[in-house]
Amino acid sequence: MDDGWWCITENRKGGCQMVIATDDLEVACPECERAGEIEGSPCPACGGKGVILTAQGNTLLDFIQKHLNK
Ligand SMILES: [Zn+2]
């Protein structure tokens, strides 16, 4: 993930079968511009993450949670 790409499914050879750029999933927070805080306090708009989920990011998150919360 450090290189900005997400490997969704790994095949047996260790390669990716599906790859999503993290830029498609999250964007820089417009309030703090990735700082994650404003004047020393956690940014309320992004919860201190510095980024906010896009619609596609929310879709993926919902998908993952659906399968994690069995
Ligand atoms: Zn923010």
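Which residue in S2 does cysteine 7 stand opposite? Valine 19 is the residue in S2 that stands opposite cysteine 7. I will come back to that pair after the overview.

What you see above is a predicted model. The mean pLDDT of the chain is 88, and 96% of its residues reach 70 or more. Confidence varies by element. S1 has the lowest mean pLDDT of the elements, at 78, while strand S5, residues 41–42, has the highest, at 97. A general caution applies here. Where pLDDT is low, the predicted coordinates should not be read in detail.

Now the overall layout. The chain contains two helices and six strands. Read from the N terminus, the order is β-β-α-β-β-β-β-α. The C-alpha trace spans about 45 × 30 × 20 Å along its principal axes. The radius of gyration of the chain is 15 Å, whereas a compact globule of 70 residues would be near 11 Å. Of the 70 residues in the chain, 6% are buried. As for contacts, take those between residues at least 6 apart in sequence: 23% of them join residues at least 24 apart.

Let me start with the hairpin. S1 covers residues 5–10 and S2 covers residues 16–21. The two strands pair in the antiparallel sense, over five bridges. Five residues sit between S1 and S2 in this hairpin, and glycine 14 in the turn has a positive phi of about 90°. Cysteine 7 and valine 19 are the opposed pair I opened with. Threonine 9 likewise has a partner across the way, methionine 18 in S2.

Is the hairpin buried or in the open? S1 has six residues and the number buried is zero, so S1 lies largely in the open. S2 also has six residues with zero buried, so S2 too lies largely in the open. Remember that S1 is also the element with the lowest mean pLDDT.

Next, strand S3, which takes in residues 26–28 and holds alanine 28. Alanine 28 has 14 other C-beta atoms within 10 Å, and that makes alanine 28 partly exposed. Beyond its neighbours within four places in sequence, alanine 28 is in contact with Glu33, Arg34 and Val51. At the other extreme of distance, take lysine 70. Alanine 28 and lysine 70 are 42 residues apart in sequence, and 31 Å separates their C-alpha atoms.

After S3 comes the loop that leads to S4, residues 37–38, and glutamate 33 is found in that loop. Glutamate 33 is not a glycine, yet has a positive phi of about 55°. Glutamate 33 counts as exposed, because 11 C-beta neighbours lie inside 10 Å and the limit for exposed is 12 or fewer.

Cysteine 32 is placed in the loop between S3 and S4 as well. Is cysteine 32 buried or exposed? Cysteine 32 counts as buried, with 21 C-beta neighbours inside 10 Å; the cut-off for buried is 20 or more. Setting aside residues up to four places away in sequence, cysteine 32 touches Glu37, Ile38, Cys43, Ala45, Cys46 and Gly50. Aspartate 62 is another matter. The C-alpha atoms of cysteine 32 and aspartate 62 are separated by 25 Å, with their positions 30 residues apart along the chain.

One loop further on, between S4 and S5, lies glutamate 39. Glutamate 39 has a positive phi of about 50° and is not a glycine either. Glutamate 39 has 7 C-beta neighbours inside 10 Å and counts as exposed.

Last, helix H2, residues 55–68. This helix has 14 residues and reaches 20 Å from first C-alpha to last, close to the 20 Å expected at 1.5 Å a residue. How many of the residues of H2 are buried? The number is zero out of 14, so H2 lies largely in the open. Alanine 55 belongs to H2 and is exposed, with 9 other C-beta atoms within 10 Å. Alanine 55 and leucine 25 are 30 residues apart in sequence but 7.4 Å apart in space, C-alpha to C-alpha.

To sum up, S1, S2 and H2 each have zero buried residues, while cysteine 32, in the loop between S3 and S4, counts as buried.

Key: Residues are numbered from 1 along each chain as its sequence is written. This is a predicted model: local features need pLDDT of at least 70, side-chain atom pairs count only at pLDDT 80 or more; totals for chains, interfaces and linings use all residues. Helices (H or I, at least four residues) and strands (E, at least two) are DSSP runs, numbered from the N terminus. The radius of gyration is taken over C-alpha atoms; the globule rule is 2.2 Å times the number of residues to the power 0.38. Two residues are in contact if their C-beta atoms, placed from the backbone, lie within 7 Å. The expected span of a helix is 1.5 Å times one less than its number of residues. Two strands pair if DSSP finds at least two bridges between them. pLDDT is the predictor's confidence in each residue, from 0 to 100.
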